[in-house]
2 protein chains.
Amino acid sequence: MRIQFDETNLLAEMVGDAHGVRRSDLAASSSAALAALKSFQKRVEDGNYGFPHLPFQKPLIESVRRYAAGVSGSYDTVCLVGIGGSALGAWALDCGLRGPHPVQPAFSTRNPRLAILDNVDPSFMQAALESMNPRKTLVVVIAKSGATAETVATFMILQEWLGRSLGKKAGARIAAVTSQGKGDLAALAAREQYATFHLPDNVGGRFSVLSAVGLLPAALIGIDIRKLCKGAAAMTHLCWRPGLEENIALRAAQAHYALLTARNKPIQVAFPYSNRLWGTAFWFRQLWAESLGKAKNRKGEIVHVGQTPVAALGATDQHSQVQLYIEGPNDKVFTFWAVENFGATGRLPKTKWDLPAFDYLRGQSLAKLIDAERRATAAAMVEVSRPNCTFTLQRVDAEHLGAFLQMMEFETAFMGELMGIDAFDQEGVELGKKFTFGLMGREGYQSYRDQFAAYEKAAKALG
Amino acid sequence: MRIQFDETNLLAEMVGDAHGVRRSDLAASSSAALAALKSFQKRVEDGNYGFPHLPFQKPLIESVRRYAAGVSGSYDTVCLVGIGGSALGAWALDCGLRGPHPVQPAFSTRNPRLAILDNVDPSFMQAALESMNPRKTLVVVIAKSGATAETVATFMILQEWLGRSLGKKAGARIAAVTSQGKGDLAALAAREQYATFHLPDNVGGRFSVLSAVGLLPAALIGIDIRKLCKGAAAMTHLCWRPGLEENIALRAAQAHYALLTARNKPIQVAFPYSNRLWGTAFWFRQLWAESLGKAKNRKGEIVHVGQTPVAALGATDQHSQVQLYIEGPNDKVFTFWAVENFGATGRLPKTKWDLPAFDYLRGQSLAKLIDAERRATAAAMVEVSRPNCTFTLQRVDAEHLGAFLQMMEFETAFMGELMGIDAFDQEGVELGKKFTFGLMGREGYQSYRDQFAAYEKAAKALG
């Protein structure tokens with residue numbers, strides 16, 4: 001397993017003092033980085049945060065594998081009902097290890113599809129139901145709280161849909177992932193005897209990909225979850241090392257923090273040059289946004305911090321976003337995700353067309369071209385003082401993807417420590433949820449319905 | 001056809017003076033908005049920009065329809081080879097009018113799949129080839145210049161792949177869209193007798209969805225391109241009206257411009273509450289980024305302007321991005337895209353489970369829930385002074401989608417006029433392209449190869 005981080009193009013020596021950080025400044029901040037590591041380590045030892053332990057949970061890994069082996073062959077679709085952290089990890093794994101959807105091979109009981117129902121758009125729901133056969137569908141419903149409105153609503157429809165075809169046997173086609181012994185989904189699962197897996201209390205949704213939340217759907221679509229956890233475990237050891245040379249999570253956090261504070265880059269572009277890492281970019285988007293976008297710091301002071309993550313796909317988005325990245329406001333830091341070995345080269349034929357736009361490519365390869373495009377884009381950014389850095393994965397397989405996801409969770413946790421915020425809560429979404437409950441007439445939320453009505457009245461008066 | 005725009009929540013009266021615009025300021029800027037309209041109208045009359053004419057090109061629409069009718073039934077996959085503006089429009093149309101990929105029904109000759117090859121990732125390419133049958137694939141290659149490296153390379157592989165199965169008949173399974181009478185793709189198409197469609201010189205890639213670039217793939221997957229153009233034509237008439245009440249493109253541009261200049265919101269979040277509009281959000285991302293991200297204004301002064309577009313999907317991203325949107329830096333404007341009628345309601349069953357998280361939802365509908373979520377999110381944003389606005393589409397059908405795309409092109413053009421920039425060029429991507437040519441050994445690009453080598457040497461010295 002080999003994942004590298006190269007921060008050279010963040011340095012002032014490359015992109016100038018106005019937009020880069022000096023190597024000497026980085027060196028000076030290494031004690032702060034090590035303090036962040038220690039501080040986070042203490043919180044983990046105190047039991048507050050559980051994600052660093054996940055890759056080592058052999059009993060869980062084996063129980064997921066046993067369940068998957070038991071149902072294997074009986075379904076051609078795994079229908080995941082979940083949203084946010086309950087869905088994005090599974091998407092990252094499916095896309096990363098089986099390829100992006102539009103070009104996945106036809107699905108079958110030997111190669112089941114993963115259909116993620118992570119929205120309450122009724123036409124999306126209808127299309128999903130029409131595309132699935134209830135007798136060949138396994139439903140995995142995931143909600144830590146057991147009360148997420150979108151997940152509960154979607155599951156109500158799925159459960160009825162299964163029941164219409166399977167009657168009382170429907171329950172055997174449903175697995176639930178939720179908190180142990182609390183919440184309404186846990187209660188329902190116990191009553192209806194769904195297979196049930198638990199999410200530890202100290203693991204939040206966006207840090208849960210290596211719990212049953214990500215491992216169960218992954219195992220059900222044939223991903224080797226032992227290799228995934230093996231890579232993540234090896235990375236975990238590296239992420240606890242107190243040296244910036246080998247601990248790339250800490251080094252990346254330090255570099256990003258230095259740039260964010262000294263040079264104010266409100267946007268980070270996660271820029272994989274790999275279609276397989278596109279799902280991971282969306283998973284990262286949640287991790288970085290929800291963890292670091294905070295109104296208050298740990299002292300309770302109002303700070304309104306956070307960096308807006310943007311997902312871009314190379315080389316594709318060179319033809320969509322790079323014009324802005326090169327010429328627009330210099331308000332971004334770019335993090336390229338490079339892949340050394342794609343497992344294929346994409347050899348270009350030796351077509352003899354005698355046309356200049358074609359001829360220089362003959363006999364070369366897509367692997368060489370995409371590598372050239374990424375390096376060319378990084379160099380063009382340096383020419384116009386746009387700071388950028390690069391993670392390089394040796395390849396995209398279960399071991400490397402597990403390691404990369406775990407590395408980014410550590411990086412985010414370290415970043416939270418450096419910023420002095422709690423990277424593990426998400427208070428900001430509560431008011432919207434309460435307004436929704438009020439609008440849907442849920443008991444106990446009348447006051448939010450009233451507050452919403454007052455807002456709407458004010459808007460109408462202006463409209 | 002009914003598309004509305006509501007800017008109430010951009011007003012200072014709703015979100016406060018620090019983050020909103022006063023209604024009186026908007027009124028005062030209406031003459032500038034009308035001047036922008038006139039100025040753009042003059043440029044179109046002078047023949048500089050062609051997109052406003054596209055929906056009215058009946059001969060093109062009919063020739064595309066004739067071609068599609070002629071090949072109908074002979075393919076189960078349309079393989080689009082193109083990148084950026086040559087791919088995003090087709091994706092927006094496919095996703096919008098046939099639904100997002102993971103839940104599209106199995107493809108067949110009666111319901112062909114659209115496989116978009118818009119990247120040079122070799123593992124993506126390999127998976128795509130494995131998923132397609134050369135005897136049932138129709139290749140559409142799209143490049144305005146006829147020289148785009150990614151498109152040319154991908155096409156070389158596709159052409160050889162087709163030829164291996166079909167021999168000399170391969171040419172009959174290829175259609176090209178490119179500039180008339182210039183460029184190497186046009187030369188090759190003429191020589192090999194590919195069916196060929198032309199993109200007018202005064203229509204750039206990101207404004208080309210209603211030229212053959214978008215219409216040809218759309219017609220080949222069964223989309224009613226006459227309805228698409230009918231909606232766009234109706235919208236075009238509205239977009240030339242000199243009144244802010246009925247011209248929503250101008251009103252939206254004015255409101256966004258006022259906010260961008262007076263309250264500096266470097267980020268715009270395009271926030272559809274509809275899975276079908278997800279492709280359109282990525283299409284918009286290119287349109288807004290490439291058109292408005294500019295180093296110089298029309299006077300040649302260095303300005304480095306542009307707003308970074310971000311795509312978010314409601315309600316899904318409430319569980320991924322909204323924490324940052326609500327609590328992080330107040331540096332964004334949110335543009336919700338609402339749908340009135342989803343064509344399905346997603347009725348929730350009257351399950352009697354006696355569990356509070358489920359019970360309030362019984363007998364309600366997903367349509368009501370997603371509507372409540374969007375309104376709740378907008379209200380929660382107003383509570384914390386985050387400016388937002390809303391486009392509402394009556395439904396997502398060919399007529400409305402055609403109109404909505406055309407409306408956004410006009411809005412972007414007006415925005416360019418207000419900002420005093422050329423919204424139709426993309427000089428910023430040239431250096432990266434030249435470095436790539438240099439790295440790939442293309443004749444005439446040795447100096448860029450040398451420049452790259454110097455950059456890499458400097459980086460290595462620091463690394």
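Which residues does Phe414(B) touch, not counting residues up to four places away in sequence? Keep that question for the core stop below. This is a predicted model.

**Stop 1: both chains**

Show chains A and B together. A turn of 180 degrees lays chain B on chain A with an RMSD of 0.0 Å, and the shift along the axis is 0.0 Å. This is how a two-fold axis relates its copies. Both copies use the same surface: 100% of the contact residues of chain B recur in chain A.

Now colour the contact. Chain A puts in 124 residues, and chain B puts in 124 residues. On the side of chain B that touches chain A, select helix α15 (residues 366-383) of chain B; this helix gives the most, with 13 residues. Colour that side by class: 66 residues are nonpolar, 39 polar and 19 charged.

**Stop 2: the core**

Select Leu80, Val140 and Phe414 in chains A and B. These residues have the most contacts inside the largest nonpolar core, a set of 345 residues. Zoom in on Phe414(B) and return to the opening question. Leaving out residues up to four places away in sequence, Phe414(B) touches Ala36(B), Leu37(B), Phe40(B), Ala249(B), Leu250(B) and Ala253(B).

**Stop 3: the parallel sheet of chain A**

Move to chain A and pick out the sheet with the order β3-β2-β4-β5-β6. The sheet is open, has five strands and pairs in parallel. At its edges lie β3 (113-117) and β6 (195-198) of chain A, each paired on one side only. On average, neighbouring strands are turned by 20 degrees against each other, direction ignored. Next, select helix α7 (residues 149-166) of chain A. This helix packs on the sheet and touches β2 (77-81), β3 and β4 (137-142) of chain A. The direction of α7 makes about 145 degrees with that of β2(A).

Now isolate strand β5 (residues 174-178) of chain A. How many bridges does β5(A) form with β6(A)? There are four, in the parallel sense. Look for Val177(A), which stands opposite Phe197(A) in β6(A). Towards β4(A), β5(A) again runs parallel, joined by four bridges. Here Val140(A), already selected for the core, stands opposite Ala175(A).

Is β5(A) buried or exposed? Five of its five residues are buried, so the strand is largely enclosed by the rest of the structure. Turn on the side chains. Ile174(A), Ala176(A) and Thr178(A) point one way, while Ala175(A) and Val177(A) point the other way.

**Stop 4: the loop after β5**

Follow chain A past β5 to Gly183(A), in the loop between β5 and α8 (184-192). Gly183(A) counts as partly exposed because 19 C-beta neighbours lie inside 10 Å. Beyond its neighbours within four places in sequence, Gly183(A) contacts Ser145(A), Gly146(A), Ala147(A) and Thr178(A). Add Lys144(A) to the view. Gly183(A) and Lys144(A) are 39 residues apart in sequence, with 8.2 Å from C-alpha to C-alpha.

Continue to Gln193(A), in the loop between α8 and β6 of chain A. Its phi is near 60 degrees, a positive value in a residue other than glycine. Gln193(A) is exposed, since it has 10 C-beta neighbours inside 10 Å. Jump to Gln193(B), where phi is near 60 degrees as well.

**Stop 5: a helix facing chain B**

Select helix α6 (residues 122-131) of chain A. Its buried residues are Pro122(A), Ser123(A), Phe124(A), Met125(A), Ala127(A) and Ala128(A). What do they pack against? Their partners are β3 and α7 of chain A, together with α15 of chain B.

**Stop 6: the mixed sheet of chain B**

Switch to chain B and find the open sheet of five strands with the order β1-β12-β11-β7-β10. Pairing here is mixed. The edge strands are β1 (3-6) and β10 (308-311) of chain B. From one strand to the next the twist averages 20 degrees. Inside the sheet, β7 (residues 267-272) and β11 (residues 332-341) of chain B pair in the parallel sense over six bridges. Select Pro272(B) and its bridge partner in β11(B), Trp337(B).

**Stop 7: two cis bonds**

Finish at Gly314(B) and Ala315(B), where the peptide bond is cis with omega near -5 degrees. Ala315(B) is in the loop between β10 and α13 (322-327) of chain B. In chain A, a cis peptide bond joins Gly314(A) and Ala315(A), with omega about 0 degrees.

Key. Residues are numbered from 1 along each chain as its sequence is written. Chains are lettered from A and ligands numbered from 1 in the order in which they are written. This is a predicted model: local features need pLDDT of at least 70, side-chain atom pairs count only at pLDDT 80 or more; totals for chains, interfaces and linings use all residues. Two strands pair if DSSP finds at least two bridges between them. Helices (H or I, at least four residues) and strands (E, at least two) are DSSP runs, numbered from the N terminus. Axes are lines fitted to C-alpha atoms, for helices over the stretch in contact, and angles run from 0 to 180 degrees between N-to-C directions. Two residues are in contact if their C-beta atoms, placed from the backbone, lie within 7 Å. Ala, Val, Leu, Ile, Met, Phe, Trp, Tyr, Cys and Pro count as nonpolar, Asp, Glu, Lys and Arg as charged, and the others, Gly among them, as polar. A nonpolar core is a set of buried Ala, Val, Leu, Ile, Met, Phe, Trp, Tyr and Cys residues joined through C-beta atoms within 7 Å. A residue is buried if 20 or more other C-beta atoms lie within 10 Å of its own, exposed if 12 or fewer, and partly exposed in between; C-beta atoms are placed from the backbone. Copies are superposed by least squares on the C-alpha atoms of residues with pLDDT of at least 70 in both.
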